[in-house]
Amino acid sequence: MAPNVKDVTSGVLYEHEEVPDYTRVIAQDAAKTPPKSYRELQPILWDRVVAHALVHLTAIYTLTLVFSGEVKLLTLAWAGVLFFLGSMGILVGAHRLWSHRTFRAKLPTRIALALMQVISWQGSIFRWSVDHRTHHKFVETDADHVNARRGFFFSHIGWLLMKKHPDVAKYGKMVDMSDMIADPVVYYQHKYYYAVWPFMFYLIPVAVPMYAWGETHTNAFLVAVVLRFVVGLNATFLVNSAAHAFGSRPYDATIAARENPLVSFIVGGEGYHNYHHVFPWDYQASEIGNYVTNPAGMCIDFLAAIGQATDLKTVNKDMINARSVRTGDGTRPVWGWGDADLSREHKGMAVISNVVEELGQARTGLPLGPTGCAAIAG
Ligand SMILES: [Zn+2]
Ligand SMILES: [Zn+2]
């Protein structure tokens, strides 16, 4: 089967930069090899299907326990704390710090983020980042492990239930990971991931509610481990599925990644995905980041305030404007008339009434009439 490459490329970081033509490389390679179906290339991994079905069903059962009031409120709050810490390990650490190098962090912060990242059980930082950098470089091709062109279910969790497409490993090797290998925190986190994992994923999450407020082991395990894991996993997956399917594309209408504030709210600020795919090196991962829908951005600002994060990168407004006008779908938000980002095209489209009175007022300084217009036209 020919790869589902697109004929329009994207991924330009600077306006003067050449478009990297990775998709053409894939298309040329594919033309040399006999076509194979997805079914042949990516057999379903039934053990994973069964495991994920069981863990999801257990999470649903746990929800019934929670709503029947059998779980202590402190245990629920603890699961929330673990969800937050694990999410920040992924979003601030694996994603914005290591995958995209949007800022630099001091050693104590890198160690803390590396430990927090284990709470979520999404693979080591190195493994996570190889796939994520490949997702950005080869977005929406077969080399993208969560290829959104294969539908919502595939990009959400289907990809995890089958063997990865061979292109993911093949083209993943083209992605430079030398900076990550050079970081001892990443290196040792990868090497000792499963030595640390039992403590971060299971033992500490269960021990705290059991010994601090007398929760049962079953409830602690079901809520602080299983339910929290399933919610965290699906929240992260929403970025690959929902944020590649629903929303506007103000910065690049040629890619599937979308602006989805609801996903941002659920996933700590990662739903402004059209912006993120166009400018992946911005530490706020959004143009209009606010702390309610971007807690990962808030954490990085906090780390900067205490001297733990440096070299925070954002995009200059002129560059965003130029890119948005050139490739966006025209939905980029502005606060109103007079916003510096309001495009010339949109200004030209404006119909302005009562201009004579307004100008008259400005010219003559006449007092306003009862309707707010100048009392006498100038
Ligand atoms: Zn994406
Ligand atoms: Zn990213």
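**Exercise 1. How many helices and strands does the secondary structure of the protein chain come to?**

Solution. This is a predicted model, in which local features need pLDDT of at least 70, side-chain atom pairs count only at pLDDT 80 or more, and totals for chains, interfaces and linings use all residues. Residues are numbered from 1 along each chain as its sequence is written, while chains are lettered from A and ligands numbered from 1 in the order in which they are written.

Step 1. Helices (H or I, at least four residues) and strands (E, at least two) are DSSP runs, numbered from the N terminus. The protein chain comes to 18 helices and two strands.

Step 2. A residue is buried if 20 or more other C-beta atoms lie within 10 Å of its own, exposed if 12 or fewer, and partly exposed in between, with C-beta atoms placed from the backbone. Of the 378 residues of the protein chain, 39% count as buried.

Step 3. Two residues are in contact if their C-beta atoms, placed from the backbone, lie within 7 Å. Among contacts between residues at least 6 apart in sequence, 66% join residues at least 24 apart.

**Exercise 2. State where UniProt places the feature "transmembrane region", and describe two of the spans.**

Solution. Step 1. The unreviewed UniProt entry places this feature at residues 49-67, 73-94, 192-214 and 220-239. UniProt positions are given in the numbering used here, feature names are shortened, and annotations may be inferred rather than shown by experiment.

Step 2. Residues 73-94 are 100% helix and 0% strand, and the end C-alpha atoms of this span lie 30 Å apart.

Step 3. For residues 220-239, the end C-alpha atoms lie 28 Å apart, and the span is again 100% helix and 0% strand.

**Exercise 3. At what angle do the axes of helix α5 and helix α11 cross, and which residues make the contact?**

Solution. Step 1. Axes are lines fitted to C-alpha atoms, for helices over the stretch in contact, and angles run from 0 to 180 degrees between N-to-C directions. The axes of α5 (residues 107-119) and α11 (residues 193-213) come within 8 Å and cross at roughly 70 degrees.

Step 2. Angles under 35 degrees count as roughly parallel, over 145 as roughly antiparallel, 65 to 115 as roughly perpendicular and the rest as oblique. The helices α5 and α11 are therefore roughly perpendicular to each other.

Step 3. From α5, the contact is made by Leu115, Val118 and Ile119; from α11, by Tyr193, Val196, Trp197, Met200 and Phe201.

Step 4. Ala, Val, Leu, Ile, Met, Phe, Trp, Tyr, Cys and Pro count as nonpolar, Asp, Glu, Lys and Arg as charged, and the others, Gly among them, as polar. The contact of α5 with α11 has eight nonpolar residues, no polar and no charged.

**Exercise 4. Which residues of helix α10 are buried, and against which helices do they pack?**

Solution. Step 1. In α10 (residues 184-191), the buried residues are Val185, Val186 and Gln189. Seen down the axis of α10, they fall within an arc of 95 degrees, so they line one face of the helix. The arc is that of the directions from the helix axis to the C-beta atoms.

Step 2. On the face turned away from the buried side, α10 carries the exposed residues Pro184 and Lys191.

Step 3. The buried residues of α10 pack against α4 (73-99), α5, α6 (125-137), α9 (178-181) and α11.

**Exercise 5. Describe helix α4 and the loop that follows it.**

Solution. Step 1. Helix α4 is mostly covered, since 19 of its 27 residues are buried.

Step 2. Ser99 lies in α4 and is buried, with 21 other C-beta atoms within 10 Å. Leaving aside residues up to four places away in sequence, Ser99 touches Ala94, Ser129, His132 and Arg133. The C-alpha atoms of Ser99 and Met180, 81 residues apart along the chain, are separated by 8.4 Å.

Step 3. Most residues other than glycine have a negative phi. Just after α4, however, Arg101 takes a positive phi of about 50 degrees. Arg101 is found in the loop between α4 and β1 (104-105) and is partly exposed, with 15 other C-beta atoms within 10 Å.

Step 4. Thr102 lies in the loop between α4 and β1 and is buried, with 24 other C-beta atoms within 10 Å. Beyond residues up to four places away in sequence, Thr102 touches Arg96, Trp281, Asp282, Tyr283 and Lys313.
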